[in-house]
Amino acid sequence: MLPSASQLQLAAKCAGSAALDHVGHDSPAADKGTDSASRLEHRPGEAQAIVYAVGLPAEEPLQQEEAYAYDVDTGAVRHLGHGREAYRASKIGEREIPGTPDVIAAGLAVDWKNGRAEFVAAAAQNYQLAFAALVARAQGNGPVTAAIVYTADEDDPWKDAVTWDDIDLAGWAAKFRDLADKVQAAQAAVAAGEQPELTTGAHCRYCPAVSRCPAMTGLATVAMGAPLEIVGRVEAMMGDGHPEQAWALYKATEAAWKKVTEQVETAVLAAMREPLYAL
């Protein structure tokens, strides 16, 4: 199965992550965002008021939390029912991406966010928002205004918005097809007992597969085993009367270590956080 709309941004950074087992629970921040979207879903008047307050067009009743599946090959959009449970209970095609846009209408797609903008991909590069826009495009003709609306300050919500025309949306459709190919190649590798291609980086901090990721396991192994080996080499260089070589090795190691440390800490913290959060 392809990633859901909310998982697309991570899969775009590391397609291999979509082929690994996802363990643990959503973070407290993610739970807070889900609760906020649910609250607005049951208060359509408040949702409509926020849309108007941030200057977004909405000339018809808003659809909130309706589940859809998008076929990456044909571009067909299939309505699955209401809420996330609707797509979880539905049979999703091998080339379909399921998702539940927060708000859609003809020419409008909105994703509510309750947290900080620095942790969210900008609207113009946001895969989850693009999914919602493709669904909205199927509701009517013309360009789609797509916006991430931040509601943490209920008295002063604000938006990060972009308008995509048919050419822009065709570009997103091509990105989704390419991403689906990469994810399914990674899934085939795992099924064959092989390691998929993995990309480490800052996105690993939010990956639900981080504690099962071979790339992270490899980094942790290096972090535990390499220091003693390097210390031994430095001692040998000092004993042989080559302190300048020992110093050069130290500086090279220090530079590399700074890049490794954050990612190793991410894997270790994730491994602790998941069982603690569950408890």
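How many helices and how many strands make up the secondary structure of the chain? In this predicted model, the secondary structure comes to 8 helices and 8 strands. Of the 279 residues of the chain, 41% count as buried, and the accessible surface amounts to about 14900 Å², with 55% of that area belonging to carbon and sulfur atoms. Among the contacts with a separation of 6 or more, 68% are accounted for by residues 24 or more positions apart.

Strand β2, which spans residues 66-71, offers a place to look in detail. This strand is mostly covered, with 6 of its 6 residues buried. In a regular strand the side chains alternate between the two faces of the sheet. For β2, E66, Y68 and Y70 lie on one side while A67, A69 and D71 lie on the other, and both faces are covered, since these residues are all buried.

The table sets out the two strands that pair with β2.

| Partner of β2 | Residues | Sense | Bridges | Bridge partners |
|---|---|---|---|---|
| β3 | residues 77-82 | antiparallel | 5 bridges | A67 of β2 with G81 of β3 |
| β4 | residues 96-99 | antiparallel | 4 bridges | Y68 of β2 with G99 of β4 |

Read with the faces in mind, the table shows that A67, which is buried on one side of β2, has G81 in β3 as its bridge partner, whereas Y68, which is buried on the other side, has G99 in β4 as its bridge partner. Strands β2 and β3 also form a hairpin with 5 residues between the strands, and in this hairpin G75 takes a positive phi near 80°.

How values were computed:
Residues numbered from 1 in each chain as written. Predicted model: local features only at pLDDT ≥ 70, side-chain atom pairs only at ≥ 80, totals over all residues. Heavy atoms only, no water. Buried < 20%, exposed > 50% of the residue type's maximum accessible area, 1.4 Å probe, protein only. Helix = DSSP H or I, 4+ residues; strand = E, 2+ residues; numbered from the N terminus. Pairing = 2+ DSSP bridges. Contact = heavy atoms within 4.5 Å. Areas by Shrake-Rupley, 256 points an atom, 1.4 Å probe, with all protein chains shown as cover.
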